[in-house]
Amino acid sequence: MKISSEAVTRVAYPVFGLLLLLLFWQGYIVMFDVPQAVLPRPLAVWNATINNLPLLLSEGRVTLLESVYGFLLAFFLGIPIAVAISSSRTLNLMFYPLLIATQALPKVALAPLILVWLGTGIESKLAIAWLVAFFPIVVDTATGLRSTPSEMLDLAASVRATGWQTFWKIKFPAALPFVITGSKVAITLAVIGAVIGEFISSNEGLGNLLLVANSQVNTPLAFAALLALAVLGMVLYAVVAFVDIALKPWFSEVRH
């Protein structure tokens, strides 16, 4: 199996960038004699990650479920709302400004209220993850539906396609690249929303582990939790990106 030069480049550049970052990190600590409680050395973070791997995996599973459930909730509620506001000028004028307003509100400020409404269980974390991930899915999907090529709509009208046929056969397939783009943003935001919920009230999850490590001035463990969150976000993003790659042949067929 032949590996393309572009594939090698895509892997080599991030690895090279990571090595440069680690060298700068280590050099800064050595040069300025930074205490471990302030900034641990990369090797200390690595050791903390390996030594606490079962704990990180256990807590990461909780954050993973909260993130995925929140994203799915945002996806399956956001798509119908996007269809509604893109299909009706009245609904767009009524509700689109409200979507902008909810997005402008700091989610950390809303989290205590959500905690009062939904309690300290997983429901509050799902609500915050949904709230954070909801906006990009709605906006990108609505944009994609409005960007359907006019010649395709004219073709549908010429063959007397019904509104449902036009939507299912033309509008939605043409909007799928926008849906995927919004989903890529939303899945990483869902992780942030889950962590915000864990910060406010939780006794499990990577967000809670990060708070516990900070309270114990265990900075290497705190960095290990941050590393786990980064890996979690990258894995979830990669899953959505894989769906994008799998659907690209269909995108090309729809466009032509």
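A pocket is an open set of points on a 1 Å grid over the protein atoms alone, with protein on both sides within 12 Å along at least five of seven lines, and its lining residues have an atom within 4 Å of a point. Grid points are joined across faces, edges and corners, and a volume is the space filled by probe spheres set on the points.

The structure is a predicted model, in which local features need pLDDT of at least 70 and side-chain atom pairs count only at pLDDT 80 or more, while totals for chains, interfaces and linings use all residues. Residues are numbered from 1 along each chain as its sequence is written, and side-chain values use heavy atoms, with hydrogens and water left out.

**Overall architecture**

The protein chain holds 10 helices and 0 strands; helices (H or I, at least four residues) and strands (E, at least two) are DSSP runs, numbered from the N terminus. Its C-alpha trace spans about 75 × 55 × 30 Å along the principal axes. Of the 256 residues, 39% are buried, where buried means under 20% relative accessible area, exposed over 50%, and partly exposed in between (1.4 Å probe, protein chains only).

**The largest pocket**

About 470 Å³ of space lies in the largest pocket. Helices α1 (5-32), α2 (42-51) and α10 are the elements that give two or more residues to its lining. The largest share, 6 residues, comes from α10. The lining comprises 14 residues, and L18, L22, W25, V45 and L227 lie nearest the pocket centre. By class, the lining divides into 14 nonpolar, no polar and no charged residues; Ala, Val, Leu, Ile, Met, Phe, Trp, Tyr, Cys and Pro count as nonpolar, Asp, Glu, Lys and Arg as charged, and the others, Gly among them, as polar.

**A nonpolar surface patch**

L227 also belongs to a nonpolar surface patch with V231, V235, V239, F242 and V243, and together these residues have about 510 Å² of accessible area. Patch residues have over 30% relative accessible area and no salt bridge, with nonpolar side chains (Val, Leu, Ile, Met, Phe, Trp, Tyr) joined within 5 Å. A salt bridge is a side-chain nitrogen of Lys or Arg within 4 Å of a carboxyl oxygen of Asp or Glu. Areas come from the Shrake-Rupley method with a 1.4 Å probe.

**Individual residues**

| Residue | Helix | Relative accessibility | Class |
|---|---|---|---|
| F242 | α10 (residues 219-255) | 59% | exposed |
| V231 | α10 | 43% | partly exposed |
| G207 | α9 (residues 206-215) | 0% | buried |

V231 and S86 lie 145 residues apart in sequence, with 35 Å between their C-alpha atoms. G207 and L221 are 14 residues apart along the chain, and their C-alpha atoms are separated by 12 Å.

How values were computed. Patch = residues over 30% accessible without salt bridge, like charges linked within 9 Å, V, L, I, M, F, W, Y side chains within 5 Å. 1 Å grid on protein atoms, 1.4 Å probe; cavity = no way out; pocket = protein on both sides within 12 Å on 5 of 7 lines; lining within 4 Å.
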